[in-house]
Amino acid sequence: MQHEKILILDFGSQVTQLIARRVREAGVYAEILPFNTDAGKIRDYAPKAVILSGGPAGVYEQNAPSAPQAVFDLNVPVLGICYGEQTICHQLGGKVEPGAQHTREFGRAQLKIVDDCALFDGVWQKGRDYQVWMSHGDEITAIPAGFKPVGTSHGAPFAAIANENKKIYGVQFHPEVAHTPDGGKLLQNFVKKIAGCRGDWTMASFRAEEIARIRAKVGKSRVICGLSGGVDSSVAAVLLHEAIGDQLTCIYVDTGLMRAGESDQVVTMFRHQYKIPLVHVDAGAQFLTALAGISDPEQKRKTIGKLFIDVFDAEAKKIGQVDFLAQGTLYPDVIESVSFHGGPSVTIKSHHNVGGLPERMNLRLVEPLRELFKDEVRALGRELGLPAAFVERHPFPGPGLAIRIPGEITPDKLHILRQADTIYLDEIRKAGLYNEIWQAFAVLLPVKTVGVMGDGRTYDYVCAIRAVTSTDGMTADVYPFTHEFLCRVSTRICNEVKGINRVVYDYTSKPPGTIEWE
């Protein structure tokens with residue numbers, strides 16, 4: 001089935017991915033490409049509409065990015081957001097200037113609707129004010145011929161503009177973010193009412209179409225899949241097994257760095273419940289030996305990654321002739337590899353997956369999730385019937401507990417951390433908060449402090465606990481636990497875990513911090 005598609009051109013906004021997510025939530029398929037995508041590729045994509053994202057540049061700057069002329073030659077609806085609106089104005093005959101202090105708007109703002117517009121149909125009414133989220137320093141001072149202002153704000157007389165005849169719209173605010181409460185409805189208006197999309201892109205249709213693609217690509221060949229027990233690899237494995245049955249073999253490398261009971265859960269679910277051929281490798285002793293004496297976080301990650309490849313490769317060779325390697329690559333990974341700047345994003349820290357394996361083993365890749373965002377992977381997992389405990393599981397890093405123990409890794413530290421982490425997550429579940437939180441975990445700090453227990457002096461480790469909310473892991477806010485909850489967790493950990501006498505809560509958002517500590 002050929003789905004209608006929306007093309008999003010990225011001008012460098014930090015929230016471009018949210019545009020695609022909102023469009024897909026309306027049941028319409030959307031992809032993100034850099035603003036400088038070749039005109040021929042844009043025409044071949046044949047979008048039903050084009051959305052131009054925000055970005056950090058000023059349209060008046062030398063070599064400022066602009067929308068390809070092909071966008072306007074397609075004669076399809078166009079929506080410009082923030083910088084996208086500014087470049088529409090700049091390219092079609094309007095004027096944009098550096099804003100004065102009083103015209104800059106960052107954060108929540110009030111938008112007054114001054115004229116009717118198809119974008120606002122059924123959502124916003126003329127003459128009323130609505131909350132939006134702004135992030136602009138420049139000001140549109142003149143709009144092109146054929147356009148009319150349909151929304152104004154304190155700092156932007158052309159906060160929303162429309163050319164209804166050509167179906168070209170611009171908004172200075174960001175409808176894709178949660179701080180614009182009705183933003184999703186506006187984007188739904190654009191893709192359905194204005195662009196005329198049916199909204200037929202669902203997880204059920206994706207499941208059927210991806211199974212057909214997998215079968216066509218793989219044929220009768222054998223596939224191996226590195227199973228971590230996380231959401232991505234679990235969903236990929238179940239989807240692949242539905243497509244090709246016992247042509248798939250999963251390899252689960254137990255690094256000895258997993259949380260309490262996780263390895264047993266993985267083996268039980270895939271080997272016994274789903275009957276998927278599974279190779280379980282207990283390599284914990286090898287990983288601990290390789291990590292002995294290593295404290296640097298990047299060196300830890302690279303040591304784990306290299307050994308993982310060695311172990312995985314050795315087990316794969318025992319299977320016999322294999323042609324494909326399955327990976328749980330997600331759409332954000334694909335976007336970052338062809339980013340606004342035409343290359344990978346700056347490396348904050350190396351990520352651990354099965355990178356390097358396809359080349360070393362001379363395998364072709366099959367990546368059944370590469371079109372999906374994380375929340376869509378969870379939706380696909382539910383569609384496939386995976387247990388809620390797996391589908392809703394918080395993200396867990398490839399290097400496992402090794403990066404939640406700053407400093408050297410020892411069996412004793414791992415034992416202490418597992419106990420603390422289990423207690424923390426248990427209290428979160430008891431409080432009914434697990435699904436409100438993107439990621440929660442304990443960290444064992446390389447710090448010992450003096451404590452008093454039973455009238456005696458202790459000198460034990462400090463445990464940090466962390467919990468964040470997020471939509472995609474790119475930005476994150478600290479979860480606002482109550483004082484009573486934090487006290488309860490601290491009391492249980494200090495009482496029940498020998499080796500910890502102090503608990504602290506990490507209040508840092510991302511940015512400036514990362515979600516994990518290493």
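Here are some exercises on this predicted model, each with a worked solution.

**Exercise 1. Overall dimensions**

Work out whether the radius of gyration of the protein agrees with that of a compact globule.

*Solution.* Start with the chain: there are 518 residues, and a compact globule with that many would have a radius of gyration near 24 Å. Next, take the value for the protein, which is 26 Å. The two agree. For a feel of the extents, the C-alpha trace spans about 75 × 65 × 40 Å along its principal axes. As for what fills that space, the secondary structure comes to 16 helices and 20 strands.

**Exercise 2. Surface, burial and charge**

Describe the surface of the protein, its burial and its charged side chains.

*Solution.* First, burial: 57% of the 518 residues count as buried. Then the surface: about 22300 Å² is exposed, and carbon and sulfur atoms supply 50% of that. Now count charges: you get 56 positive and 60 negative side chains. Finally, compare where the two sets sit; their centres lie 3 Å apart. While you're at it, look at the contacts between residues at least 6 apart in sequence: 76% of them join residues at least 24 apart.

**Exercise 3. Two nonpolar cores**

Find the largest nonpolar core and say which helix gives the largest share of it.

*Solution.* The largest core has 68 residues, and Leu9, Phe270 and Leu380 have the most contacts inside it. The largest share, nine residues, comes from helix 7, which covers residues 231-244. Zoom in on Phe270: leaving aside neighbours within four places in sequence, its contacts include Leu227, Ser234, Ala237, Val238 and Phe390. Don't stop there, though. A second, separate core holds 51 residues, among them Ile224, Ile304, Val311 and Ala467. As background, nonpolar side chains tend to be buried together in soluble globular proteins.

**Exercise 4. Two helices and the glycines after them**

Which residues of helix 1 and helix 13 are buried, and what phi does the glycine following each one take?

*Solution.* Take helix 1 first. Nine of its 10 residues are buried: Thr16, Gln17, Leu18, Ile19, Ala20, Arg21, Arg22, Val23 and Arg24. Gly27 follows helix 1, with a positive phi near 85°.

Now helix 13, residues 374-384. Here Lys374, Glu376, Val377, Arg378, Leu380, Gly381 and Leu384 are buried. Their cover includes helix 1, helix 6, helix 7 and helix 14. Just after helix 13 comes Gly385, whose phi is positive at about 85°.

**Exercise 5. Buried or exposed?**

Sort Ser221, Ala160, Val322, Asn75 and Lys167 by their relative accessible area, and place each one in the fold.

*Solution.* The cut-offs you need are under 20% for buried and over 50% for exposed, with partly exposed in between.

- Ser221 has 17%, so it is buried. You'll find Ser221 in the loop between helix 6 and strand 12, in contact with Gln247, Asp323 and Phe324 once neighbours within four places in sequence are left aside.
- Ala160 has 1%, so it is buried. Ala160 belongs to strand 10. Its C-alpha is 5.6 Å from that of Gly170, which is 10 residues away in sequence.
- Val322 has 12%, so it is buried. Val322 sits in the loop between helix 10 and strand 15 and touches Arg222, Val223, Ile224 and Leu363, not counting residues up to four places away in sequence.
- Asn75 has 71%, so it is exposed. Asn75 is in the loop between helix 3 and strand 4.
- Lys167 has 36%, so it is partly exposed. Lys167 lies in the loop between strand 10 and strand 11.

**Exercise 6. Backbone oddities**

Look up phi for Asn75 and Lys167, then find the cis peptide bonds that involve Pro511.

*Solution.* Phi first: Asn75 has a positive value near 60° and is not a glycine. Lys167 also has a positive phi near 60°, again in a residue other than glycine.

Now go to the segment after strand 20, where you'll find Pro511 and Pro512. Walk along the backbone one bond at a time. From Lys510 to Pro511 the peptide bond is cis, with omega near -15°. The bond joining Pro511 and Pro512 is cis as well, with omega about 15°.

Definitions and conventions: Residues are numbered from 1 along each chain as its sequence is written. This is a predicted model: local features need pLDDT of at least 70, side-chain atom pairs count only at pLDDT 80 or more; totals for chains, interfaces and linings use all residues. Side-chain values use heavy atoms; hydrogens and water are left out. Helices (H or I, at least four residues) and strands (E, at least two) are DSSP runs, numbered from the N terminus. The radius of gyration is taken over C-alpha atoms; the globule rule is 2.2 Å times the number of residues to the power 0.38. Buried means under 20% relative accessible area, exposed over 50%, partly exposed in between (1.4 Å probe, protein chains only). Contact means heavy atoms within 4.5 Å. Accessible areas come from the Shrake-Rupley method with a 1.4 Å probe; for residues, only the protein chains shown count as cover. Lys and Arg count as positive and Asp and Glu as negative; His and the chain ends are not counted. The place of a charge is taken as NZ of Lys, CZ of Arg, CG of Asp or CD of Glu. A nonpolar core is a set of buried Ala, Val, Leu, Ile, Met, Phe, Trp, Tyr and Cys residues joined through side-chain atoms within 4.5 Å.
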